[in-house]
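Reader: I would like a close look at how one pair of helices packs together in this model, with a word on the cysteines beforehand and on one buried side chain afterwards. Please take me through it step by step.

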Amino acid sequence: MSTPPSNPPAVPQVDPLPAPTPEVKVPPTVEKPTGWRAALEHTGIPQSWLKRPKMPSKKVMVFVGTVSGLLGAYYYDRKQCRLIRQSYIDKVKHLAEEPMPPWELPRKVTVYACKWPGDDAHDRSAKWFRTYVKPILVAAAVDYELKNGNQHGALARLIAENIRDRRRIELGLDPAPEERPPPGPPRPDGDKRRREMAGGTILIGRHTLKEYMEGMRRGWTKSLVKLDVDEVVAKELENDGHFDEPAPPESDSSEPESKPTPPPVAQSSIIFSPMQLKMPPPPKPPSPPEQPAIPPHLDVPPTQIPEQPPLTLVSYTSLLGFTNIPRMIYGYFNRRKDVRMGAEAAYRVIVNETRPFNEPTSGSALMDPESSNDNSDASTLGDLAFDLSAESHYRSNYKETPETIAKARKSYYEALPKKLETARALARREREPTKDEVKFPPPTEVLLRAERLKKEKKWRDELDGFEILNKQKGVSWDDRMKSALAVTVEGELPPPPPSARDEADL
């Protein structure tokens, strides 16, 4: 009996998924401009320009705020500089309009500036004078003569030499220089001295005050004998042994035969090779006649220094070094301080009101090299404590000047014997020159002697300048300067007389 086939189980029917409806993108609603924007839209202006402005990002706000703040500070500072300078020019410009005889010379002041300790630029303080002081002097028709010390101590040596020359002329030891007489009627004998006293002296910075006072002390207290610095240094270096001939090596007695030695060459006679004799040496100038001996009663320092032109002390500081960068940035946006300081100094020179120089109460300690100028002694230094805080801005490596010079001198003298050996071997034709020596001839012994003299003079001048400008040493002083110096003070010019145009208006 056959069984009927079994039916498969029923599979439940699942409704098919509905077809995804297409996403309809709704266009963004564009806000139609209204008011004046709708009116400007029809003029052709792009629509992007008519959108409402948005708040800038944080970075943009920081950038714009910083730049606008710096530009505003710069503009304000330079505007104040122009106003301050113009205000002082208006005070003194009437002096330039006063009539004067055609043969009369304008008032003339002497300006001293020198190299800041540790600074490579020698004319930085002179540029400061031309920028901040000179415009006021020019507005008042005041002439000036600028003397700048290019090296440390050079200004002190220049002032001392000028004073000694003046003393020699006044004592009749030297003839007075011939000067072309100015046009106009004959002038009295003391006219030049009168103009010098009516002019004045401007000292830029404390470092210039130190060199000026040291030059005054040397010029008025030292001997009048003229010394040739090159000759003095050459005599000191003559027997130091650096240019002596090396001792010949001792011969060994064990050697059976010795080679014949060439005849000795005199040390003073130097034979030059043809490659070194490119040009004949220039003829030596005739030696100057010997100066007659100065009588002992004339070579005596004066008991009292004559009166000097009034001094105008101007504060000045040169900021150098990495640690002073914040002060440099601040000073760049605060130039009005320098403008006011220079204008006030020039105004004091023009007014020419003076007071006696405040002498120190402990003059003997000022000449002690171990004495220090700290702020506690400022009350006893008088006017010698002028701008004492500026010495704190000296470069830190300036105090190492003696050690630096000692190292340079040591390295030079260590390399000198090899240079001498080469120069003498070529001069005596003991060997042939190399290719490099043919192309670049080494210096001869004569040139090496001249180079050594030049270096020694430079090193000694730098040490002399360091002894003057060292912050551990005070300003030079001599009791004979008490009644010779005066300092300008603040004052007011008399009001200008009414002009003819003003009287007509009245």
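Author: In this predicted model, the count of disulfides comes to 0, because no pair of cysteine sulfur atoms lies within 2.5 Å. Two of the cysteines can be placed by their accessibility: Cys 81 has a relative accessible area of 5% and is buried, and Cys 114, at 1%, counts as buried too, because buried means under 20%.

The helix pair is formed by α5, which covers residues 154–170, and α7, which covers residues 206–221. Their axes are 7 Å apart and meet at an angle of about 30°, and because angles under 35 degrees count as roughly parallel, α5 and α7 are roughly parallel to each other. The crossing in which α5 passes α7 is right-handed. On the α5 side, the contact is made by Ala 154, Leu 155, Ala 156, Arg 157, Ile 159, Ala 160, Ile 163, Arg 164, Arg 166 and Arg 167, while α7 contributes residues including Glu 211, Tyr 212, Glu 214, Met 216, Arg 218 and Trp 220. Sorted by class, this contact of α5 with α7 holds 9 nonpolar, 7 charged and 4 polar residues.

The buried side chain I would add belongs to another helix: Arg 452 lies in α15, which spans residues 445–469. With a relative accessible area of 5%, Arg 452 is buried, and, leaving aside residues up to four places away in sequence, Arg 452 touches Leu 237, Asp 240, His 242, Phe 243, Tyr 412 and Tyr 413.

Conventions. Residues numbered from 1 in each chain as written. Predicted model: local features only at pLDDT ≥ 70, side-chain atom pairs only at ≥ 80, totals over all residues. Heavy atoms only, no water. Buried < 20%, exposed > 50% of the residue type's maximum accessible area, 1.4 Å probe, protein only. Axes fitted to C-alpha atoms, helices over the stretch in contact; angles between N-to-C directions. Helix = DSSP H or I, 4+ residues; strand = E, 2+ residues; numbered from the N terminus. Parallel < 35°, antiparallel > 145°, perpendicular 65-115°, else oblique. Left-handed = near helix turned anticlockwise from the far one by under 90°. Contact = heavy atoms within 4.5 Å. Nonpolar A, V, L, I, M, F, W, Y, C, P; charged D, E, K, R; others polar.
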